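Here are a few short exercises to work through with the model open. Try each one yourself before reading the solution.

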Amino acid sequence: MIRLTFPYLLLAALPILAGLLFLVLRQKSRPILRSIALLLLLLALTGPRISQHATERNAIFLIDRSASITLTSDDDATRAAIQEVVSAHPEWRFATIEFARSASLAVPLGSSIFPLGVVPLDATASNLNPVTELGLSILPDNGANQFILVSDGRFADDPTAAISAVRLAGVPISVLPIGETAGSDVALVSMNGPSEVSIGRTFSIDIEVRSAQAVDATLVVYRDDDILSFEDVALVEGVNRFSVEDSIDRPTAHTYEALVKAPGDPIPNNDALSLLVTAIDRPPLLVVDRIGESAVPVLAESLGLASTVTNAIPPLEILAGYRQLILTGLSFATLTGDELDTISSFVRDLGGGLLVIEGEEEVRGISEGGIEELLPVSYTLPEKSREAQLALVYVLDRSSSMRSRVRGVEKIDILKEAAAASAALLDETTHVGILAFNLSHSWIVPIAPVESAWIYEALRELEAIGGTDVYYPIVDALDRLEELEIPSKHILLISDGKTVDEVRDYAGLVRRLQELDDVTLSAIGVGQTMNEALLSALVEAGGGTLYRADDFSLLPQISIQATQRITRQRFVDGPASVDGRLLDQLIDIPPLDGYVLTYPKPTADTSLWVGEDPIVTTWRLGLGAVTVLNTDLVGLGSGTWLAWSGLSELFGEILATTEPSRTSTLGLAMSVERDAETVEVLVDARDDSGAFANFLDLHLELLPDGTVYELAQKGPGLYVASIPLPPEGGYALHAVDRERGRSLTLPMTIPYPIEYRDVGTDLGSLATIAEWTGGRMLVEGTLLPEVEGGESTEQTPLHIPLILAALGLFLLDLVVRKWPSRRRSMR
């Protein structure tokens, strides 16, 4: 289409056209050429141009050149795949950017040849963010643009930000998968051992080697520069596990390095790992066990962990020397306020780990508050519970002995008050039943969710009359409770225990109570002449508690105490099947014989459970972590576990949940945050009162290098140093507080880059990138998707050709006019 910049100039062409018409009619040809030339010159002045619509299509290949690609794939095959895409889209302009840890333009837009390895790159990581940033800066603003990712889909950084930026720019990413699994690769994938050990204590270092095929190899373990172990091993396909033992005879740190070598290994960079182990004078694990029957010390020893066992909570200055504290075999109700404060400071301020192992004895008599404030679980039913967790049956003695008076009030009225006060403590999900008895018995309140008005009305009609037969009411209560699918079921008997002399099978009743796993019987014995022998036998068989109300007027208070104890001491008898995330590492965990019923708090993380009841629950508390194991390790609720060969491994997994994320000494706590380039060390400093310690002279030393860095204060009590990421190996970070004469050391291991560990194409990751950005998976024969935009109009100016044509006509006219004159002069 022809467009004019100054179309109004065409009006001047009208006289010229009229003159041409006049000359033609008068048959005068000489001025015609000049008129046409003048007309062309006029048209040139109007700014004529030809407009043509065109689409600009641009595509940039983002080519992964990290080690996981270059060590396992063929560059010729990659070049051929790229050239195939280019040949299928001749109307597109292409460029290439190569990337690994960083990115660089290799071939600019419009090229036809695309070599690989044009720019030098650090191949130890594959980062998607820098290459997409560079690609977006190169693409023209108004083109139909897209990326073609040539990669195995394994990235060291989080690709989410890169994908979001590309989506926001409206640039699709199509994917060309490359990369192969190294068929003969042998990799040392893990090296685990204690970071701290006691002097002279034997410990184990566990090593895992992954082999792509069965092959003979050599496994060498060094302690510093000395060979600790040299072994020829026959590797099978998959993961191979090995263990090496050692001990350190003086307080020092040693670097242990494992190295595996196999013939034909294509990736030697993943054949070594290091570990730093420090020998200390004080064991890192403190076990507080007042009973002394727990299996915890034996389990810790089986894991190679040194531990100290005591029967009391030590002062904070002593507790600060330990990394983890385990409470087992002591009644939590007996912990004093000072002891709880010490435990709290150890976890919150020093970043220590706390493992609480609680069985029936540990939680017996526990009340609201206390240690519960430190734990990730609660013993109290939450307001919005899933279902009923407790059923309680009151068995009330309404015999004629209850007609006598105490301080002017009939005992039966005091009994009613006691039952009503007890029921008022129960939450709405609790199932309650009331069975009243004399020589016969009847359910004045059938078992149902608690309803206070209904209970008060039923108790109001209760009268004292007749003799006493306690056997059949208990049997009936047991029958009803056994029918319920509720985890915790209890009978609360209130009686003097005096019963008829007729023969009853109390021996059988005792055996039944002993055999029942999920029903508990407690009793409140009233009066000074109660049948203590019978009541004690029933309570002992029922696993409950006998309360004595010698003064009958105190019965309401005692019933409240008993109810509080029942509702907070909920030990569920097994067998109970266990499930949870810890089963990912372990299989065939045997069922529990019993466990404490608790409720996880909102921010807690449960990793092992029975049904919906937590067994292993963890949360972060201040700088440290607290984990609760809701069964004992004595045998009452864990008999099958203690007989299981895998218990030590399970205990290790549970103990690892409280592993301190930072190393602490009294007044100092250190943690490390590491990225691809730097290590950031954070030190939290406090004074003896727990307040932030400011303006300290703190320095950090990297061992064994000996390089010293300054810890600069960045906030209240917070000191930070950023150091370059050192090469792979074992190190220690030593922070020194010169003003207060304190220091602490944190072991640090730098493994080989993950780029060398996981090789092979991650098709799932690549497909996700293509789907999120609107691209395609470019398998054989697949074309690039159409992209909106890129349409433009090309303007071709015509004024210069018109001017040249006008000039030519003027010259021609001049020749024509001069030619006849020349001929006449020649004649």
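**Exercise 1.** Does Arg407 count as buried or exposed, and what is its relative accessibility? Then work out where Arg407 sits and what stands out about its phi.

*Solution.* Keep in mind that this is a predicted model.
- Step 1: the relative accessibility of Arg407 is 64%. The cut-off for exposed is over 50%, so Arg407 counts as exposed.
- Step 2: look along the chain, and you'll find Arg407 in the loop between strand 22 (405-406) and strand 23 (409-410).
- Step 3: check the backbone. Arg407 has a positive phi, near 55°, and isn't a glycine. Most residues other than glycine have a negative phi.

**Exercise 2.** Which loop holds Asp224? Classify its accessibility too.

*Solution.*
- Step 1: Asp224 belongs to the loop between strand 11 (215-223) and strand 12 (226-235).
- Step 2: its phi is positive at about 55°, although Asp224 is not a glycine.
- Step 3: with 36% relative accessibility, Asp224 falls between the cut-offs of 20% and 50%, so Asp224 counts as partly exposed.

**Exercise 3.** Which side chains make polar contacts with the side chain of Asn58? Place Asn58 in its strand as well.

*Solution.*
- Step 1: Asn58 is part of strand 3 (residues 57-64).
- Step 2: Asn58 counts as buried because its relative accessibility is 0%.
- Step 3: the Asn58 side chain makes a polar contact with the side chain of Arg93 (3.0 Å), and another with that of Asn145 (3.0 Å).
- Step 4: setting aside residues up to four places away in sequence, Asn58 touches several others, including Trp92, Leu109, Leu139 and Pro140.

Definitions and conventions: Residues are numbered from 1 along each chain as its sequence is written. This is a predicted model: local features need pLDDT of at least 70, side-chain atom pairs count only at pLDDT 80 or more; totals for chains, interfaces and linings use all residues. Side-chain values use heavy atoms; hydrogens and water are left out. Helices (H or I, at least four residues) and strands (E, at least two) are DSSP runs, numbered from the N terminus. Buried means under 20% relative accessible area, exposed over 50%, partly exposed in between (1.4 Å probe, protein chains only). A polar contact is a pair of N or O atoms within 3.5 Å; within protein, one must be able to donate a hydrogen and the other to accept it, and residues adjacent in sequence count only if both atoms are side-chain atoms. Contact means heavy atoms within 4.5 Å.
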